[in-house]
Amino acid sequence: MMFVSLWQGMKSGKKMLAAALILIGLWPVWGIESVAVGACPDRAGGVAIWISPRVPRIDSPLRVMAVSADFRIDQLVVSDPTEADVTPRVIERGGPPWSLDALLDPSEAGIYRVLVRQDGKPVACREISVGGGRSDPDSGTREAAWDRSTEAFFSAWIERLFDFPVGESVNLPSLRPVLLDPERNFLYDHFAVGEDRRIPAEPDCADLPYYLRAYFAWKNGLPLAYRACSRGSASTPPRCGAAAIAEDFVKTPAPASLFTSVIRKVMDTVHSGSARTALDDEATDFYPVPLRREHLWPGTVYADPYGHVLVVVKWVPQTAGGNGVLLAVDAQPDNSVSRKRFWEGAFLFAEDVPGAGPGFKAFRPLIRVGTQGRTLRLLSNEELMELAPGQPYSEEQGELTSEDFYATMGRLIDPLGLTPEQAYEAMFEALLEQLETRISAIDHGEAYYRKYPGTVIPMPKGNAIFETIGPWEDYSTPSRDLRLLIAMNVLARLPERVARYPGSFLLEGRSPDTVRADLERLHRERMQQNHIVYRRSDGSPWRLAVAEVFARRRRFEVAYNPNDCAEFRWGAEPGSVEYATCRRRAPADQVVRMDQYRSWFRELRRPPR
């Protein structure tokens, strides 16, 4: 390839590296390039058109996705081999990146032409050969690479995968339900051999971003990089070794067995420390990005200072009639996957944790270098800072206080501002989602005890209750419960916060004291009006008003042990009617230790490692 020779002089000048990045697409292309008359480039002006399955067939659904990294695209049209227009239903998402989704049902062999427009102006097109045994006329002439177009496709793929209605509570037993859904997974059965039904799909918290990255790499013939890292200490962030670069998926479609082998290696290597590396460390899988909407694409990872990891999946813009929303998914040790809104109760941030580098991060770009382009390596921090327009690498999150961080994110999500009532309602809905997720987690633990009655799960000592392996990791909820206690505290303190920082809200002419009183009244009403339903040990449902959950906060400080019955874990009072169905309690020595660790939950802090 032409760019290879440009790498020879990299050490002597940054311009040559910049030229190489332009040619392979890592340097963004700003502005719109129209498609030349008679030409049909599937990548033009920053827009790329993707198809699945890899080899289109007659009378078989063909998924088409157009993705733009730099500007909105608004029309996708298709013509069949007779040049007659096909009018598929098109779904528009995102921005940035922007995408258009369509599903075709080709009924005859030949060339189908896909044209993408922006404001009526053609910006990209692709000719697709159906029934000819290949993906398109130039199949095989372009080697897959993690360039800007591919990163935008990765982002759009993730957004589609988790694009549930915004108000819907999403709690999945694993990734399997979305990966096996062709309506959500653009890459489902991409090789047309039923490969998705023969792979594991149960990543946990730290594995989730790597699993999504590896799955996408597998389906698109891309290399994959990951590192073995330490977990860090109370005073130092995790450090990582040299990158392991897997090229198993490159050039030819890899069987499900090979993907399984690779992802097992990855998941056995990465852990909660992999994303918590220092912001200025470059021997990492991730790099920190600026807190700007144009850099926080779906697929961006959020690492909290205590080891939890989330993956951004969707932005919902604020409108005159509705709040903005930033949505992310996370996985739990029991392999369940749930969707969460951005707020202080779910995205923990702290500036005084020297053993972590928290914040939003992106996968470090993997590029080819050398005389034949045969060597793969990850870009350094210096290259990211100096060579890419828009400064995608930024350590600004490390300079922010918690208050500054949440204020900055609040302005991104709701640039028009929020009334205190709007802020409260958004927080309250997010809290309800966290409670629903906890219901699923405890139900999962109860199912384990029904299957293995009489089992006693060993309880780790000290801070290992938050980080261990085995049944305790799968069925206990110390991290989840700590976040829930933080969430309840954040919501309860909102009236006081509005009174202290009135300039952060739209008070609409009211005094801070009036607003505080209005919020306190709203809080009491919502707490009584809303409820959750959990299942007791005998399977019977029990209804709890949210006010009751708040009243039981002290009991939630020792409610994470899976050896305790569901009733105890939901704060039921021993001797009460609610508690009468309880048939299981933690051993006495575990109860003593939980009481010793109680201060961590009362003070809302994770203990040092």
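1. Negative surface patch. Glu351, Asp352, Glu403 and Asp404 form a negative patch on the surface. The model is a predicted one. Asp352 sits in the loop that runs between β17 (337-341) and β18 (359-363). Its relative accessible area is 59%, so Asp352 is exposed, the cut-off for that class being over 50%.

2. Salt bridges overall. The structure holds 40 salt bridges. Some of them join into a network, with Arg93, Asp101, Glu159, Arg160, Asp163 and Lys314 as its linked residues. The points that follow take up individual pairs.

3. Arg93 and Asp163. These two residues form a salt bridge, and their closest N and O atoms are 2.7 Å apart. The pair links distant parts of the chain, 70 residues apart. Arg93 belongs to strand β6 (residues 90-94). Asp163 belongs to the loop between α2 (148-161) and β10 (171-172). How do the partners compare in burial? Arg93 is buried, with a relative accessible area of 10%. Asp163 is partly exposed, with a relative accessible area of 21%. Note that Asp163 is classed this way because buried means under 20%.

4. Glu433 and Arg341. Their side chains meet in a salt bridge at 3.0 Å, N to O. Glu433 lies in helix α8 and Arg341 in strand β17, so this pair ties together parts that are 92 residues apart in sequence. Both Glu433 and Arg341 are buried. Strand β17 (337-341) also comes up in point 1, as one end of the loop that holds Asp352.

5. Asp181 and Arg184. The side chains of this pair meet in a salt bridge, 3.7 Å from N to O. Asp181 is partly exposed, with a relative accessible area of 22%. Arg184 is buried, with a relative accessible area of 16%.

6. Strand β2. Six of the six residues of β2 (residues 47-52) are buried, so this strand is largely enclosed by the rest of the structure. Val47, Ile49 and Ile51 point one way. Ala48, Trp50 and Ser52 point the other way. Strand β2 is joined to β3 (residues 62-68) by six bridges, and the two run antiparallel. Two registers can be checked directly. Ser52 stands opposite Arg63 in β3. Ala48 has Val67 as its bridge partner in β3.

7. Strand β3. Seven of the seven residues of β3 are buried, so β3 too is largely enclosed by the rest of the structure. Both faces of this strand are covered. Leu62, Val64, Ala66 and Ser68 are buried on one side. Arg63, Met65 and Val67 are buried on the other. Besides β2, the partner to look at is β7 (residues 98-104): seven bridges join β3 to β7, and they run antiparallel. Val64 stands opposite Ala102 in β7.

8. The four-stranded open sheet. What is the order of the strands? It is β5-β4-β8-β9, with antiparallel pairing. The edge strands are β5 (85-86) and β9 (121-130), each of which pairs on one side only. Strands of a sheet pair through backbone hydrogen bonds. Strand β8 (residues 110-118) pairs with β9 in the antiparallel sense, over nine bridges. One register point is Gln118, whose bridge partner in β9 is Lys121.

9. Gly454. This residue lies in the loop between α8 (420-451) and α9 (471-475). Helix α8 is also the element that holds Glu433. At 74% relative accessibility, Gly454 counts as exposed. What separates Gly454 and Asn563 in sequence and in space? They are 109 residues apart in sequence and 9.7 Å apart in space, C-alpha to C-alpha.

10. Points to check on screen. For exposed sites, look at Asp352 and Gly454. For buried charged side chains, look at Glu433 and Arg341, then at Arg93 and Arg184. For strand registers, look at Ser52 opposite Arg63 and Val64 opposite Ala102.

How values were computed
Residues are numbered from 1 along each chain as its sequence is written. This is a predicted model: local features need pLDDT of at least 70, side-chain atom pairs count only at pLDDT 80 or more; totals for chains, interfaces and linings use all residues. Side-chain values use heavy atoms; hydrogens and water are left out. Patches are made of residues with over 30% relative accessible area and no salt bridge: like charges are joined within 9 Å, nonpolar side chains (Val, Leu, Ile, Met, Phe, Trp, Tyr) within 5 Å. Accessible areas come from the Shrake-Rupley method with a 1.4 Å probe; for residues, only the protein chains shown count as cover. A salt bridge is a side-chain nitrogen of Lys or Arg within 4 Å of a carboxyl oxygen of Asp or Glu. Lys and Arg count as positive and Asp and Glu as negative; His and the chain ends are not counted. The place of a charge is taken as NZ of Lys, CZ of Arg, CG of Asp or CD of Glu. Buried means under 20% relative accessible area, exposed over 50%, partly exposed in between (1.4 Å probe, protein chains only). Two strands pair if DSSP finds at least two bridges between them.
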